[in-house]
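Hi there,

Here is the structure I promised to pass on. Have a look at it first, and my notes follow below.

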Amino acid sequence: MNIKQNVHSKHFTEEDARWMKIAINYARHGVGLTSKNPSVGCVIIKNNQLIGVGRTSNGGRPHAEENALIMAGKNSNGAFLYVTLEPCAHHEDFVPCMKKIVRASIKKVVIACQDPDKRTNGKAIKYLLDNNINVTIGCLNDEANELIEGFNKRICFGRPYITSKIASSLDSNIALLNGESKWITSLNTRKYVHLQRLRNDGILTGINTINNDDAKLDCRIKGLEEFSPIVFILDSNLKIDLKSKILKRNNIFIITSSESSQSKRKILIEKGIKIKILETDKNNIIPIKSILDFLNELKINNLLIEAGSIVNTFFLKNKLIDKIILCRSGIVLGSDAQSFFNEINLQTIPKKAVYKLSSSFQIDDDIVEEWKINN
């Protein structure tokens, strides 16, 4: 829904941008912690003073606007409210934020971006206008949209925003020929990776990574361990080693096929591991669409791939990797080592780069690059 009448689109002041920046920065603290909901930031201003601030609570509720309005209390009468995403308009078991804003007698609402969810898209803006509230849309739109990349991808495309994390040598290898890969990058770079795990709702990996590395794929940052995301292990033949460390973790799904061992499935279920059975195709491969549909059912917004070349290539060839975080060290492993992508059978050089560099920085002697899909 496009709202034009009585709305100032992209006509915002430097003061508006200043306050919206605070709301965006506050919302960043919640990315990865708000379940199916996007992390939204909200600030309330009166007489050029901050009287309320809030973000989407861990788990998704209460919403940012409600938290900010509670802090502002009765002072919200006649105040300005800045929010990174259009307030919710749909009724579930709570009063939508658009009504709470009206009840609080807010005078002006500045919104960074519209909600892509059809239950809200444009409806909250119309409701605010109908209740004689001044509304401005588009303040720091690009920055705010980065906060909801995963939510937007799931709502509009039925799949999560997918990031592949790759730790590689200088010559673009992720392991020796014998599979050894610990450790290519530094301790502090690995801590950065743990932070990225925190910012995603799920981690997808392959069975070779689990069995070869005995990976736990948790968030080992003091105080944040409880926020380790769900892990999805692709294991169509159920080859997982029953002594794997990861089986001692909570929130584990093993995605397997109906041909896998029923007795082993029973053992895993008794260990508290969730098993998802998906049918294979004629090539005995679980279709990628089935995997994505399952993730969509669970409302996974942001997915981090931490896997070897088989899984990475599988998603790359299907044009499903939205961002690559490449952690590159100065180690050289040689041409007999394992590259982070397998053959993709190109016959000509692409005319357009698949990814563009969005950021680059140094941690110890490693270089971390973030590459986003070049739309």
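Which residues does Met20 touch, not counting residues up to four places away in sequence? Met20 touches Tyr82, Val83, Thr84, Val110, Ile111, Ala112, Cys139 and Leu140, where a contact means heavy atoms within 4.5 Å.

A word on the source before the rest. This is a predicted model, in which local features need pLDDT of at least 70 and side-chain atom pairs count only at pLDDT 80 or more, while totals for chains, interfaces and linings use all residues. Residues are numbered from 1 along each chain as its sequence is written, and side-chain values use heavy atoms, with hydrogens and water left out.

Now the cores. Met20 is among the residues with the most contacts inside the largest nonpolar core, together with Ile44, Leu81, Ile101, Ile106, Val109 and Val135; this core has 43 residues. Helix H1 (residues 14-28) gives the most to it, six residues. Apart from this core lies another, of 30 residues, including Phe253, Phe294, Leu316 and Leu326. By nonpolar core I mean a set of buried Ala, Val, Leu, Ile, Met, Phe, Trp, Tyr and Cys residues joined through side-chain atoms within 4.5 Å. Buried is under 20% relative accessible area, exposed is over 50%, and partly exposed is in between (1.4 Å probe, protein chains only). Helices (H or I, at least four residues) and strands (E, at least two) are DSSP runs, numbered from the N terminus.

Next, the empty space. The second largest pocket has a volume of about 750 Å³. Its lining holds 22 residues, with Ile321, Val354, Tyr355, Ile373 and Asn375 nearest its centre. Helix H6 supplies the largest share of that lining, four residues, and helix H5 (141-147), helix H11 (309-317) and strand S17 (366-373) are among the elements that each supply at least two. By type, the lining of this pocket divides into eleven nonpolar, three polar and eight charged residues.

The largest cavity has a volume of about 90 Å³. It is lined by 16 residues, of which Asn37, Pro38, Ser39, Leu147 and Asn302 are the closest to its centre. H6 again appears here, giving the most to the cavity lining with three residues. This lining has five nonpolar, nine polar and two charged residues.

For these terms, a 1 Å grid over the protein atoms alone is used: a cavity is a set of points where a 1.4 Å probe fits but cannot get out, a pocket is an open set with protein on both sides within 12 Å along at least five of seven lines, and lining residues have an atom within 4 Å of a point. Grid points are joined across faces, edges and corners, and a volume is the space filled by probe spheres set on the points. Ala, Val, Leu, Ile, Met, Phe, Trp, Tyr, Cys and Pro count as nonpolar, Asp, Glu, Lys and Arg as charged, and the others, Gly among them, as polar.

Finally, the salt bridges (a side-chain nitrogen of Lys or Arg within 4 Å of a carboxyl oxygen of Asp or Glu). The whole structure has 14 of them. Arg159 and Asp322 form one, at 2.9 Å from N to O. This pair links distant parts of the chain, 163 residues apart, and both Arg159 and Asp322 are buried. Lys153, Arg159 and Asp322 are joined into one network by salt bridges that share partners.

Happy browsing!
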